[in-house]
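Colleague: I have the model open and would like to go through it with you. May I begin with a single residue?
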2 protein chains.
Amino acid sequence: MVTLESYACGEWRRGRGNSRVLRHAVTGEPIAEISSEGLDFGAMLRWGRERGGPALRKMTFPERAAVLKKMAGVLNEHIEELREMATSYGATAKDARLDVDGGIGTLAFYASLGAKQLPEARILADGDVSPLSKEGNFVGRHVYVPLEGVAVQINAYNFPSWGMLEKLAPALLAGMPSLVKPATPSAWLTFRMVQILIASGVVPEGVLQLVSGSVSDLFSHLTCQDVVSFTGSASTGEKIRTHPAIVRNAVRVNIEADSLNCILLGPDVAPGSPTFEHFKNEVVSEMTVKAGQKCTAIRRVLIPEERAQDVIRELRQSLAAIRVGDPRTEGVIMGPLVDEDALASARQGIEKLEAEAAIVSGDPGRKDFEPKGGFFMEPVLLHCRDPKRATAIHEVEVFGPVATLVSYRGPEEAIELARKGGGSLVGSIYSEDEDFVARATLGLAPYHGRLMVMNAKSAPESTGHGVVMPHLVHGGPGRAGGGEELGGVRSLHHYMQRVALQGDPERLERLLST
Amino acid sequence: MVTLESYACGEWRRGRGNSRVLRHAVTGEPIAEISSEGLDFGAMLRWGRERGGPALRKMTFPERAAVLKKMAGVLNEHIEELREMATSYGATAKDARLDVDGGIGTLAFYASLGAKQLPEARILADGDVSPLSKEGNFVGRHVYVPLEGVAVQINAYNFPSWGMLEKLAPALLAGMPSLVKPATPSAWLTFRMVQILIASGVVPEGVLQLVSGSVSDLFSHLTCQDVVSFTGSASTGEKIRTHPAIVRNAVRVNIEADSLNCILLGPDVAPGSPTFEHFKNEVVSEMTVKAGQKCTAIRRVLIPEERAQDVIRELRQSLAAIRVGDPRTEGVIMGPLVDEDALASARQGIEKLEAEAAIVSGDPGRKDFEPKGGFFMEPVLLHCRDPKRATAIHEVEVFGPVATLVSYRGPEEAIELARKGGGSLVGSIYSEDEDFVARATLGLAPYHGRLMVMNAKSAPESTGHGVVMPHLVHGGPGRAGGGEELGGVRSLHHYMQRVALQGDPERLERLLST
């Protein structure tokens, strides 16, 4: 059994006291133990601020980009090993690529962005010079400078690789050292990746630290120069947001939490049409990729009431073809959930949905999977006939291969139902009717961080509803946490302070290149 | 005595129950009574969302800008009356212009920005198209759409006009109806301005509502589509930030709170030099304009230890010339504080500072002012000799004509002391030494929202340390609340949702003009 150590203040440290045991998602066998007991979080933050911060800030953006590029290179050398390790939390080969390759790809994207689009400087200009006097010797100019604290990155269990790297890459490029805290159930992969990165020597000391285990009193040590980026449950998000030190010091908090993402089938799309086929494949893919354990996965499928029986029939047929089991077995399409808690929680969630919706495909109680010890569940599709009065289907995020069909009567009701999610990461609209699309886009946009407005022309080239591209922002209002990550250069702003400089124009110009 | 009514759901409403009495700052005489008891805040928010929001969102940006222009025009017609009313909270003629003319000017600035720089559209594009597929039929594009809730704007007592208009103008231009809540001590002026605006008929119904009095259970009714912008004390800011409904719904909160702004005199600047004179005038101006009741006012004056006696002598001389009294009297330069509480609080604050610093000019207990009933205090300058061990001088914001001289030994200590403010709205650096300026700018920037980097060339044309320009962002990290307002087009983003659209490029282009 592996011991997952933490990397703190330049040393690998084994946690004291009781450790928690991680189990293999496919077999249920113990694979690793983890504990962060005894770590001095105040010292770790100081180490980051005093060693990592200055090391990064003396580099220009392209120099930091070069570090990212080396990091991606080192990880790429171990990509086969990392993909294989992903099986331990239930990933199929396809799932592993989404997480491992997707993460390294995101790192490489920011390396390229930093090399090609950012100036050879340490300060980022924002907008133009604003003249503030008639004679022109007094002007204003906005710039971004790196915050001088530590970026604390708390990740969810579903993406131990991508989740770490999509936060780490922008933070490092912006000039902020990072402290990474993976979710325990899949912390093994993150641990291994950090081990590879640290051993390679490509990351300057203090720039990357790892907490394997819980964060204990970490938040109490935060100042206005630190940032917390959190992906996980809404309830943990609320605890972070209201932590006394975070509130008192106005610590920046970026939260990505529960999201009841929807896909909306336009009234014009007939079963059998190419647009319908794309829609159907998207739903099945979102339900089954990573066994539905994606914060961006489709949870609500909004369909015209009159199409309900057709859609149910079509989806049933497609879902029946999804073979669930050991992802290393030929022909298996969907693996298990990450652990026993996740499985129990998904089943409890389905029970809540069943108060308002009926299961039309799949059996959440099915247990005849191989191997016996794994945390398997087959895809479960529900149908809600009275979604306007329902609450659970719009509010309970079941983190597994589960979605609910929601019948709507007319475009306005479709928009109203979509909004009942209370703010989501991503929504999809499938329709060829431009009037409907315009209306639905305007109706859904204020409640979403990302919107796919799909037709038969764009769908064949689509990267998919649930796939987060590094070019585009990722996050959503309300229930989704109100945060924002990625989006190219936009992502750097979360780790920088925008300052309006005022003075004589030559002096300001000079300062930009310091 | 005037009764300050609220404007709620299209009607002027008088508060029930016990009202609070407002007193004239100069004479202490009662001038108005105020109460918001009995207002239905849930209904007010619904009124804004259902009447005001749709009215604004059907307009293009230039159409909204035209509304702002008409508002500025109507207020300008009453400018003499409004300036005169400003005496009631202690404003001199100069103070009144800063608040009344400054507010209307900010409104006009956003009217002009909307007319000239924003598209004839309802959606704002953000950045370029991102290609996401080889064939080019699937791309990404970021847009901003207005949030569909209400912008709740809670203002401080020091700027009843500017404080309202600097929040209102960007919100309306972005497409969000607003609910304005002025601070009680100076609510009369805000009430009168809203009265003028509503009577003029230039503001569409539902777009502007007014709460005269307290906000009671208002926050409980907020959703993820609403925004709260608050200017005031750090303690009230913390209550807002941790309100259960705000936390649960991830309601956007923009806070501007306490700020221990500093001015930093470079070691190179000798007394008697033009740069020193500009520095000295800035300190005196910041201490006395609006009797020091500006959130941007200089609270800490960082000076080289060896210059301390020179600086004290020069400032004493200048401050001695400040005549305090009835602002309507010829020759009076500084008026009273806003009310009895403000005066008591300023005196208590000075007592805290005196534990670490000695008064070198002014007497906080002086009472021989005319008229007798006014809330007067003369400018008080303190000097702290051991600022590295001190805490109060860096943390207690005394909201009155009060500043502390802080001696530093060497540039690094100067930067360290400036940062002890824990995040500020604005800082000023006065120096001709470009190396020192570069070092100090980089050192101070992560802790500030705005930085003046002044020399003898820019100072004569300066708009002043404490004056917030609509072109530039206003806000600061940490103790200053972590918020951001204004900054031209940037200010609109606080009231809009950024969404990444994905689809075929022609469709996305069409959507931009809907």
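Colleague: Is B:R498 buried or exposed?
Modeller: B:R498 is buried, with a relative accessible area of 13%; buried means under 20% with a 1.4 Å probe and protein chains only, exposed over 50%, and partly exposed in between. This is a predicted model, in which local features need pLDDT of at least 70, side-chain atom pairs count only at pLDDT 80 or more, and totals for chains, interfaces and linings use all residues. Residues are numbered from 1 along each chain as its sequence is written, chains are lettered from A and ligands numbered from 1 in the order in which they are written, and side-chain values use heavy atoms, with hydrogens and water left out.

Colleague: Which side chains make polar contacts with that of B:R498?
Modeller: The side chain of A:E484 does so at 2.7 Å, and that of B:Y144 at 3.1 Å. A polar contact is a pair of N or O atoms within 3.5 Å; within protein, one must be able to donate a hydrogen and the other to accept it, and residues adjacent in sequence count only if both atoms are side-chain atoms.

Colleague: Turning to the interface, how many salt bridges are found between chain A and chain B?
Modeller: There are 14 across that interface, each a side-chain nitrogen of Lys or Arg within 4 Å of a carboxyl oxygen of Asp or Glu. A:K457 and B:E506 form a salt bridge with an N to O distance of 2.4 Å.

Colleague: And how many residues does each chain give to the contact?
Modeller: Chain A gives 77 residues and chain B gives 76, where contact means heavy atoms within 4.5 Å.
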